[in-house]
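Q: Could you walk me through this one while I have it open? I'd like to start with how the strands face each other and then move inward.

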Amino acid sequence: MPDPVLAGPAEPAAPFEAYRTEIGGDWIDYNGHLNDAGYAVLLSAANEAVLAYLGLSQDYRAATGRALYTAESHIRYLAEARHGDQVEAASLLVHADAKRLRLQTLLRRGDGTAVAAAEYLYLHVDPAGGGVTAMPPQRWAAVSALLSAHRGCPPLYTERRR
């Protein structure tokens, strides 16, 4: 899979849209479309772009030993994505406090078709301190600013009843 484009906004945007990539052959199944693990990897990478924007990604872990751990995820598979499709993600921070974040992420093909919708719960963990802890004030300020920017935004995806 080629490297994704990660071009985070200078100011919080609603929704956060900084992840784009092309689907490679690594996760294409025998039906000719992206397999379930591939969707999970793409959604995780899109969320990582949000965490990097907030200063809570790999560099944060290296500097502090703390990190956000995925505690829960729920993925809805909405449409097929195939090898070579361009995909992009939109994410909303729908809830946060100093110890946890809840993100909704929608993955779309280049033609605008929604291919997957997901919700993730992340916990701020300090392994040296014994578990879930509050993030430092500077990081909480960044999270709070994004939460404010996303407050009142419509959901990225609403479940359709069949």
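Q: Which residue of strand 6 does Leu106 stand opposite?
A: Leu106 stands opposite Ala117 in strand 6, where strands are DSSP runs of E with at least two residues and helices are runs of H or I with at least four, both numbered from the N terminus. This is a predicted model, in which local features need pLDDT of at least 70 and side-chain atom pairs count only at pLDDT 80 or more, while totals for chains, interfaces and linings use all residues. Residues are numbered from 1 along each chain as its sequence is written, and side-chain values use heavy atoms, with hydrogens and water left out.

Q: How do strand 5 and strand 6 pair, and over how many bridges?
A: They pair in the antiparallel sense over 9 bridges, pairing being counted if DSSP finds at least two bridges between two strands. Their hairpin has 4 residues between the strands, and Gly112 there takes a positive phi near 95°.

Q: And what about strand 4 with strand 5?
A: That pairing is also antiparallel, over 10 bridges, with Ala90 opposite Leu106 of strand 5, and a hairpin joins strand 4 to strand 5 through 2 residues.

Q: Is strand 5 mostly covered or mostly open?
A: Strand 5 is mostly covered, since 8 of its 10 residues are buried, meaning under 20% relative accessible area with a 1.4 Å probe and protein chains only.

Q: OK, switching to the interior: how many residues has the largest nonpolar core?
A: It has 34 residues, and those with the most contacts inside it include Leu93, Leu101 and Val143; such a core is a set of buried Ala, Val, Leu, Ile, Met, Phe, Trp, Tyr and Cys residues joined through side-chain atoms within 4.5 Å. Helix 1 gives the most to this core, with 7 residues. A second, separate core of 6 residues includes Ala90, Leu92, Leu106 and Ala117.

Q: What is Leu93 in contact with, beyond its sequence neighbours?
A: Leaving aside neighbours within four places in sequence, Leu93 is in contact (heavy atoms within 4.5 Å) with Leu101, Arg102, Leu103, Val143, Leu146, Leu147 and His150.

Q: Last thing, which strand supplies the largest share of the lining of the largest pocket?
A: Strand 6 does, with 3 residues, and the lining includes Ala117, Ala118 and Glu119 as well as His74 and Tyr157. By class, the lining has 4 nonpolar, 4 polar and 3 charged residues.

Definitions and conventions. Buried means under 20% relative accessible area, exposed over 50%, partly exposed in between (1.4 Å probe, protein chains only). On a 1 Å grid over the protein atoms alone, a cavity is a set of points where a 1.4 Å probe fits but cannot get out, and a pocket is an open set with protein on both sides within 12 Å along at least five of seven lines; lining residues have an atom within 4 Å of a point. Ala, Val, Leu, Ile, Met, Phe, Trp, Tyr, Cys and Pro count as nonpolar, Asp, Glu, Lys and Arg as charged, and the others, Gly among them, as polar.
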